[in-house]
Amino acid sequence: MRHLKLLILPLILLFNSCTKDLKPIDYSEINPNIFPKSAADLDAMVNACYYPLRGAWFDGIFSTSERGVMFLSDATTEILYGKYGDQQTASLQNFRPTDELFTRYYDDFYNKISRMTSTIDLIQRSTVSDDLKKRAIAQVRCARGLLAYTLFDLYGPIVVAPLEILNNPLQEAPLARLTNAEMVAFIEADLEAAATDLPAPQDAEYGRFNKALAKMIDIRLNLHEKNWAKVTALSNDIIGYNAYSLDVNYKAMWDLEGAKASREVIWAIPCDYAGTSENQWQLMVLPANYPGKGGFGTITSTWWFYDRFEANDKRKEMLIAEYTGTDGITYTRANPGDILDKGPLPLKINPDVDRTTGLTTVDIVMYRYADVLLSKAEALANAGAPTAEAMELVNVVRRRAGLPDKQLSDYSSLAAFNDLILLERSHEFWCENGQYRADLIRHGKFISRCQVVTQSTFTGPNKVLYPFSLKAVSEGKGKFIQNPGYN
């Protein structure tokens, strides 16, 4: 201790002697007169808002691992089944406030909404041109709208901190969650403003936001709220851009360069081997003995889901129901081992056998034109009754899958048509962005479908929303209310 004191004494004297003329600097504060001042500065700030929306195991909300929205969302439906761990928790809908993978989306990402709010303010107060400001803010507002919608879909209304609170970080101010109406208005305002100032689809850089994406997210929001007239109008807007059409080859969209070459993909997340943005899907679904290059085999589909496809459905080909492993054994439904016992392998994307790591360069397809067509069909039917136009939109998507047309006379009741829409959505969008969970909830079948497929005794009406963590509730100091059924 004596030697330690002798060492500390000169340091104290040094700091006392050299700091009397220095003024403290708060490096957490960005002076808009200094930054941003150029297009490059704005790009850096905008890129920071794209950052949490990428695929990355640690800090990307759209990771294709067990930490991503698609994986766990589809695992709560018949599309995926997990035999252990968080995957099984999802499949049995047995999630609780202590299950970190189900609470982390809010805990890890809600503060990114606050960062985007502060970023918009900084851009508005900067000295760059109004045109640069407008283009940058449109991207940030689209990012904020997408992230806010994603969290709203999983948890219901969340806390959204106003700018005046964010500008006073040292002042403790526990906040309540927004009401449902406030949450919807907040998201819609962002998406509508973004759609106004983002580039048209034909002019947007691949992987960046455009007008059609903002309106596609708005479609998802209005499907959530069953605002059928708005869904129809937004769908017509996207159709009116004349920028998209269904690709002839469904499977090709998930080839190595498929999304880039597609006329159907509205937005995809670019991925690379370096892990700047990661796609780990083959690693998740392929067993270790899969020929070419295997993975961890953490999840499969279900035979219940597989059996609902029509025999000639081209979308079914991407569910691997038979393969010969590196051990020389041919695995089938009749001879599943412990690999295909619950269902086929939901590969969907190119296996990328030449990949040098567990990652792949196959981009993560998030939103497609087929979603616009099926969303409009659902909206038209639910605005009154199934129509010939609504059925034709369904049949356009079915024809691409190699299937015969459905007849309106066989689906003239709204219940029958909605069952058809739900089935087509599951077959069209499995293992994409996890939206089928919301589809089941919207049609009132989320809980009952889990009970039919898994016989779970853990599910219940409250499971249509994920729980918040105990930490989030505690920090709310009585203002932040947990979702019902989790107290």
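**Exercise 1. Placing T300**

In which loop is T300 found? Work out its burial and its contacts as well.

*Solution.* Start with the location: T300 is found in the loop between α12 (281-285) and α13 (303-307). Helices here are DSSP runs of H or I with at least four residues, strands are E runs of at least two, and both are numbered from the N terminus. Before going on, note that this is a predicted model, where local features need pLDDT of at least 70, side-chain atom pairs count only at pLDDT 80 or more, and totals for chains, interfaces and linings use all residues. Residues are numbered from 1 along each chain as its sequence is written, and side-chain values use heavy atoms, with hydrogens and water left out.

Next comes burial. T300 has a relative accessible area of 8%, so T300 is buried. The cut-offs are under 20% relative accessible area for buried, over 50% for exposed, and partly exposed in between (1.4 Å probe, protein chains only).

Finally, list the partners. Not counting residues up to four places away in sequence, T300 touches I79, L80, Y81, I339, K342, G343, P344, L345 and P346. Contact means heavy atoms within 4.5 Å.

**Exercise 2. The chain as a whole**

Describe the chain's overall dimensions, and check its radius of gyration against the globule rule.

*Solution.* Begin with the secondary structure, which comes to 19 helices and six strands. The C-alpha trace spans about 85 × 55 × 45 Å along its principal axes.

Now apply the rule: 2.2 Å times the number of residues to the power 0.38, with the radius taken over C-alpha atoms. For 487 residues, a compact globule would have a radius of gyration near 23 Å; the chain has 25 Å, which agrees.

Then turn to packing. Buried residues make up 56% of the 487 residues. Of the contacts between residues at least 6 apart in sequence, 70% join residues at least 24 apart.

**Exercise 3. Two helices, one ruler**

Compare the expected and actual spans of α9 and α16, then look at how each helix is covered.

*Solution.* The expected span is 1.5 Å times one less than the number of residues. For α9 (residues 211-224), 14 residues should span 20 Å, and the end C-alpha atoms are 20 Å apart, which agrees. For α16 (residues 414-429), 16 residues should span 22 Å, and the end C-alpha atoms are 22 Å apart, which again agrees.

For cover, 13 of the 14 residues of α9 are buried, so α9 is largely enclosed by the rest of the structure. α16 is mostly covered, with twelve of its 16 residues buried; among them are F417, L420, R425 and H427.

Now inspect the ends. At the start of α9, a side-chain oxygen of N210 reaches to within 2.8 Å of the backbone nitrogen of A212. Just after α9, K226 takes a positive phi of about 55 degrees. Just after α16, C431 takes a positive phi of about 55 degrees, although C431 is not a glycine. C431 lies in the loop between α16 and α17 (436-442) and is buried, with a relative accessible area of 8%.

**Exercise 4. T76 and C450**

How many residues apart in sequence are C450 and T76, and how far apart are they in space?

*Solution.* First find each residue. T76 lies in the loop between α3 (69-75) and α4 (85-91), while C450 lies in helix α18 (residues 446-454). At 2% relative accessibility, T76 counts as buried, and at 4% C450 counts as buried too.

The separation is 374 residues in sequence and 7.4 Å in space, C-alpha to C-alpha.

Now take their surroundings. The backbone oxygen of S73 lies 2.5 Å from a polar atom of the T76 side chain. Leaving aside neighbours within four places in sequence, T76 is in contact with A90, Q93, F95, R437, F446 and Y466. With residues up to four places away not counted, C450 touches S91, L92, Q93, Q455, S456 and T459. Q93 therefore appears in both lists.

How values were computed: Polar contact = N/O pair within 3.5 Å; in protein donor to acceptor, adjacent residues only side chain to side chain.
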